[in-house]
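Thank you all for making time this morning. I would like to walk you through one structure slowly, taking a few places in turn, so please keep the picture in view while I talk.

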Amino acid sequence: MSQTTPEFRLEPGYEFPQEEITVSEAEQHQLHGFCDTPPERYGDFVDPTFLARRTIRLNTEAIQACRPDCAPVHMVHRLKVHAPVRLGETITMTGQYIAIPEISRGWVTKTRWEFHRADGGHVLTVEPDVMMMDPSKAPSEKKGARKERPAADDAGFETLLEKQCTPDTTLGYCEGTTNLIHTVPEVAAEYGFRAPIIAGNQTVNFLLEPLALEGVPAEMDVELKFLKPVFWDDAVNVQGRREGGVLTALRAVNGDGETVATGIVNSVRY
């Protein structure tokens, strides 16, 4: 975990350089096109997923600079919207490593990112967990049977949206990425995947879109977990469960009926 470049260090407390981010209407509409999201869904406001997208790219760049033998894989995404942001508005982003615990398949980088307006107004907090996957620890059928997950609680879930991933939409959404498990089949295979996997942030787009069906959230607190990879040819059924008419749980289910991601909606206000 030692420093290998002057730009990044993989250690708790390391602070990423401050950046300014602006999401334009053209950029948002293009990326939404790869998610089959109507351009009018968020109106004049930024889909917060696209502000948070930069945090994953910086995590990827840091891991590749300091541990080029490991592949970055998005595992958890915590997102708190404190106020909506308009398209074209410039936002300042700061972030740092909080912890880097070791796990069976490598390490997990835990970061926290804060986003503020020019006047200091706090608009967004993002806390992603990104695994540094060690290829020598990739799963193999020879290593024994996979552990069975607890049975899913299906009660009350209804289909809200349906998405179809394709190589073209995956390559378009991931344009410019240096993480080749999203774009090159041979590299994906090295890490135990049958095909390239879509960006975790694209799954975030799928899961958060239902919360914008009734309007752009003014405040929102969600935690998303990625349970299985979503491949670039998967169909994804986005489902939700309501309590008192309000969405409180989200999940994404692939064509085989497997839950690939889940979400807890702690709060949302329009």
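How many cavities of 30 Å³ or more does the structure hold? What we have on the screen is a predicted model, and in this model there is one cavity of 30 Å³ or more. The largest cavity has a volume of about 140 Å³, and its lining is made up of 16 residues, with Val 46, Pro 48, Val 81, Pro 84 and Pro 217 lying nearest the centre. When the lining residues of this largest cavity are sorted by class, the result is 16 nonpolar, no polar and no charged. Helix 2 and strand 6, which runs over residues 122-133, each supply at least two residues of that lining.

Let me stay with helix 2 for a moment. Helix 2 covers residues 48-66, and at 1.5 Å a residue its 19 residues should span 27 Å, while the C-alpha atoms at its ends are 28 Å apart, so the expected value and the model agree. As for its surroundings, helix 2 is mostly covered, with 14 of its 19 residues buried. If you are new to helices, it may help to recall that an α-helix has 3.6 residues a turn, so residues three or four places apart point the same way.

That brings me to the second largest pocket, where helix 2 appears again. Which residues line the second largest pocket? They are Glu 19, Ile 21, Thr 22, Val 23, Glu 27, Phe 50, Arg 53, Arg 54, Arg 57 and Glu 175, and the space in this pocket comes to about 180 Å³. Strand 1 and helix 2 each supply at least two residues of the lining, and helix 2 gives the most, with four residues. By class, the lining of this second largest pocket has three nonpolar, one polar and six charged residues, whereas the lining of the largest cavity has no charged residues. Arg 53, one of the residues that line this pocket, also lies over the face of Tyr 173, at 4.9 Å from the ring centre. There is another arrangement of this kind elsewhere, in which the charged end of Arg 251 sits over the ring of Phe 157, 4.1 Å from its centre.

Now to rings that meet other rings. A search of the whole structure finds five aromatic pairs, and I will describe two of them. The rings of Tyr 14 and Phe 16 have their centres 5.2 Å apart and their planes at 65 degrees, and because planes over 60 degrees apart count as edge-to-face, that is what we call this pair. Tyr 14 also pairs with Tyr 97, and here the arrangement is tilted, at 6.3 Å centre to centre and with 35 degrees between the planes. This second pair links distant parts of the chain, with Tyr 14 in the segment before strand 1 and Tyr 97 in strand 3, 83 residues apart. Both Tyr 14 and Tyr 97 are buried, and Phe 16 is buried as well. Taken together, ring pairs link Phe 8, Tyr 14, Phe 16, Tyr 97 and Trp 113 into a cluster.

Is helix 5 largely enclosed or largely open to the outside? Helix 5, which takes in residues 200-208, has nine of its nine residues buried, so it is largely enclosed by the rest of the structure. Among those buried residues are Asn 201, Gln 202, Val 204 and Phe 206.

I will finish with three single residues. Leu 79 is found in strand 2 and is buried, with a relative accessible area of 1%; its C-alpha atom is separated by 5.5 Å from that of Val 222, although the two are 143 residues apart along the chain. Asn 254 has its place in strand 10 and is likewise buried, with a relative accessible area of 9%, and the C-alpha atoms of Asn 254 and Phe 231, 23 residues apart along the chain, are separated by 9.3 Å. Asp 36, in the loop between helix 1 and helix 2, is exposed, with a relative accessible area of 57%. Most residues other than glycine have a negative phi, yet Asp 36, which is not a glycine, has a positive phi of about 55 degrees.

Definitions and conventions. Residues are numbered from 1 along each chain as its sequence is written. This is a predicted model: local features need pLDDT of at least 70, side-chain atom pairs count only at pLDDT 80 or more; totals for chains, interfaces and linings use all residues. Side-chain values use heavy atoms; hydrogens and water are left out. Buried means under 20% relative accessible area, exposed over 50%, partly exposed in between (1.4 Å probe, protein chains only). The expected span of a helix is 1.5 Å times one less than its number of residues. On a 1 Å grid over the protein atoms alone, a cavity is a set of points where a 1.4 Å probe fits but cannot get out, and a pocket is an open set with protein on both sides within 12 Å along at least five of seven lines; lining residues have an atom within 4 Å of a point. Grid points are joined across faces, edges and corners, and a volume is the space filled by probe spheres set on the points. Ala, Val, Leu, Ile, Met, Phe, Trp, Tyr, Cys and Pro count as nonpolar, Asp, Glu, Lys and Arg as charged, and the others, Gly among them, as polar. Rings of Phe, Tyr and Trp (its six-membered ring) pair if their centres lie within 6.5 Å; planes under 30 degrees apart count as stacked, over 60 as edge-to-face and the rest as tilted. A charge sits over a ring if NZ of Lys or CZ of Arg is within 6 Å of the ring centre and within 35 degrees of the ring normal.
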